[in-house]
Amino acid sequence: MDSVFQQYFDEMPGYVTVQNKNFQIIAANHQFKNSHHDCIGHQCYEVYKNRTSKCPVCPVDDTFKDGKRHCSEEKIKTSTGKEITVVVHTSPVLDERGDIILVIEVSTDVSELKHLQDQYHTLFNEVPCYISVQDRNLKITEVNRFFKEAFGESLGEYCYKAYKHRNAPCTNCIVLDTFTDGKRHHSEEVVTSTTGKQVNVLCYTSPIKNSSGETVSVMEMQTDITEI
């Protein structure tokens, strides 16, 4: 490699390797070498995952087959045996005739992000309220453990069917109100569990927005106030 290019290659963030059609690592940047000692000349699956054969789903193989870029999430091991989660991007290297001769693989460590996501899901599941996430069609896309215990799995069901046993949306629906104006709303409702028990709940809705600020889902939280 040209010395300037080599410097850029070595300082690239993340784990970067160049692999041939036999999945041998023929080049790697500093960060990869620091985490995976003695990697040059070895097969990627041996270095990454201590395997003796190619992974069943391999983005490098996919790139060699179709010449396109691919992306996947993988778990790999460092030379110390530590398992980390990475997002993998592959890109083809072509010769003068346009044939694929090598594939560059860039892996970004997202272990901390995955840890935070796991913490979020734990918190989401253990909050002592009924929580559901609904799309614009009022179909339930996610629920917490407390909700499942009272109303069943309910994923893919209409909210009004799941906990009010209705065949049409409620007349005054605060989830639709949140989709309309992007604001939080609250109301008092009576819902029915899978056992037929009626529960008085205080409902709050909150918009879930994308990067453009558009409301793509609504989270609904219901607190049991029957005793009150």
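User: How many aromatic pairs does the count come to here?

Analyst: In this predicted model, the count comes to nine aromatic pairs. One of them joins Tyr 130 and Phe 146, whose ring centres are 5.0 Å apart with the planes at 25°, so this pair is stacked.

User: Which parts does that pair tie together?

Analyst: Tyr 130 belongs to strand β6 (residues 130-134) and Phe 146 to helix α6 (residues 145-151), so the contact between rings ties together parts that lie 16 residues apart in sequence. Tyr 130 is buried, with a relative accessible area of 8%, whereas Phe 146 is partly exposed at 29%.

User: And Phe 151 with Tyr 163, how are those rings arranged?

Analyst: That pair is tilted, with 5.7 Å from centre to centre and 55° between the planes. Phe 151 sits in helix α6 and Tyr 163 in helix α7 (residues 159-164), so parts twelve residues apart in sequence are tied together. Phe 151 is buried at 5% relative accessibility, and Tyr 163 is likewise buried at 5%. Ring pairs link both of these residues with Tyr 130, Phe 146 and Phe 147 into a cluster.

User: Switching to the sheet, what's the strand order?

Analyst: The sheet is open and has five strands in the order β2-β1-β5-β4-β3, with antiparallel pairing. Strands β2 (25-28) and β3 stand at the edges with a single partner strand each, so one side of each has no neighbour in the sheet. From one strand to the next, the twist averages 30°.

User: Which strands does α4 touch?

Analyst: Helix α4 packs on the sheet and touches β1, β3, β4 and β5, with its direction making about 145° with that of β5. The buried residues of α4 (residues 59-66) include Val 60 and Phe 64.

Notes:
Residues numbered from 1 in each chain as written. Predicted model: local features only at pLDDT ≥ 70, side-chain atom pairs only at ≥ 80, totals over all residues. Heavy atoms only, no water. Buried < 20%, exposed > 50% of the residue type's maximum accessible area, 1.4 Å probe, protein only. Helix = DSSP H or I, 4+ residues; strand = E, 2+ residues; numbered from the N terminus. Pairing = 2+ DSSP bridges. Axes fitted to C-alpha atoms, helices over the stretch in contact; angles between N-to-C directions. Contact = heavy atoms within 4.5 Å. Phe/Tyr/Trp six-rings, centres within 6.5 Å; stacked < 30°, edge-to-face > 60°.
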